[in-house]
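Got your viewer open? Let's take a short walk, one selection at a time.

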Amino acid sequence: NPNCFFAGEGSVLLDHDFGGGPVIWRGKGRELILGGQKSGDVWAVNATDGKVVWHHRLGKGSPLGGVHWGIATDGVRVFAPIADPNIPAPLNAAGLYAIDIASGKVAWSWKARPDCANGRQARVAICAGRFGLSAPPLVVDGAVIAGGLDGRLYVFDAKSGRLLATHDTATPFETVNKLKGNGGTIDAAGPFAGDGMLFVGSGYASFGQAGGNVLVAYRPRK
């Protein structure tokens with residue numbers, strides 16, 4: 001398999017896919033292309049000649065991430081989610097990383113941790129090994145919103161990285177159309193916003209993850 005990641009460190013057979021589209025950044029008289037790879041690498045390259053401006057290896061990487069589905073930016077920082085499913089500690093780098101685009105320095109980082117307590121093991125069988133961030137994050141109103149493979153939704157202050165809120169979507173829901181609803185893994189399609197509300201699709205059964213069938217809508221507290 002040409003995408004076999006576990007071929008060994010330094011192998012040309014490592015999975016180095018770019019699972020999400022690049023981001024164009026313009027500032028300080030230059031234009032950069034930003035991208036994240038399943039290998040755990042995040043790059044900034046000059047848009048005119050392709051020369052590397054800065055680079056970080058944030059995670060060990062795997063066929064499912066590393067940086068799996070994409071990155072986001074607030075115009076100052078680029079936010080890279082790391083999935084690293086089932087990679088043992090201390091190599092597991094699952095979490096969210098903010099890099100100052102102009103300087104290339106890591107502005108802040110947040111490490112995800114498994115949570116299988118209080119009945120979550122029964123609801124989310126994958127909770128011990130798949131707790132990283134795979135779906136692309138969302139930047140809105142000074143916050144970064146990211147969903148986890150174990151169904152948890154996180155809200156961070158974009159500037160400081162302070163965790164503002166956590167919501168567990170891997171639970172049963174009473175739905176507006178009265179059908180039985182249950183959340184699970186947040187993957188592939190990230191959270192999105194509109195009309196003053198936040199929307200999250202919860203449930204993604206591919207790759208042995210936690211299935212579900214709900215679209216969860218959040219509104220700000222008054």
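**Stop one: a two-residue turn**

Start by selecting β1 and β2, which make a hairpin with two residues between them. Click on Lys-28 in that turn: its phi is positive, about 50°. Keep in mind that you're looking at a predicted model.

Now colour the two strands themselves. β1 covers residues 23-27 and β2 covers residues 30-36, and five bridges pair them in the antiparallel sense. Which residue in β2 is the bridge partner of Trp-25? Select Leu-32 and you've got it.

**Stop two: on to β3**

Keep β2 selected and add β3, residues 41-46. These two strands run antiparallel as well, joined by five bridges. Show Ile-33 and Val-45, since they are bridge partners, with Val-45 sitting in β3. β2 and β3 also form a hairpin, this time with four residues between them. Look in the turn for Gly-40, where phi is positive at about 95°.

**Stop three: zoom out**

Select the whole chain and switch to cartoon view. You'll find one helix and 17 strands. The radius of gyration is 17 Å, close to the 17 Å from the globule rule for 222 residues, so the chain is as compact as a globular protein of that length. Turn it around: the C-alpha trace spans about 55 × 45 × 25 Å along its principal axes.

Next, try a surface view. The accessible surface comes to about 10900 Å², and 56% of it belongs to carbon and sulfur atoms. Buried residues make up 48% of the 222 in the chain.

Last, colour by charge: there are 22 positive and 17 negative side chains, and the centres of the two sets lie 5 Å apart.

Key. Residues are numbered from 1 along each chain as its sequence is written. This is a predicted model: local features need pLDDT of at least 70, side-chain atom pairs count only at pLDDT 80 or more; totals for chains, interfaces and linings use all residues. Side-chain values use heavy atoms; hydrogens and water are left out. The radius of gyration is taken over C-alpha atoms; the globule rule is 2.2 Å times the number of residues to the power 0.38. Buried means under 20% relative accessible area, exposed over 50%, partly exposed in between (1.4 Å probe, protein chains only). Accessible areas come from the Shrake-Rupley method with a 1.4 Å probe; for residues, only the protein chains shown count as cover. Lys and Arg count as positive and Asp and Glu as negative; His and the chain ends are not counted. The place of a charge is taken as NZ of Lys, CZ of Arg, CG of Asp or CD of Glu. Two strands pair if DSSP finds at least two bridges between them.
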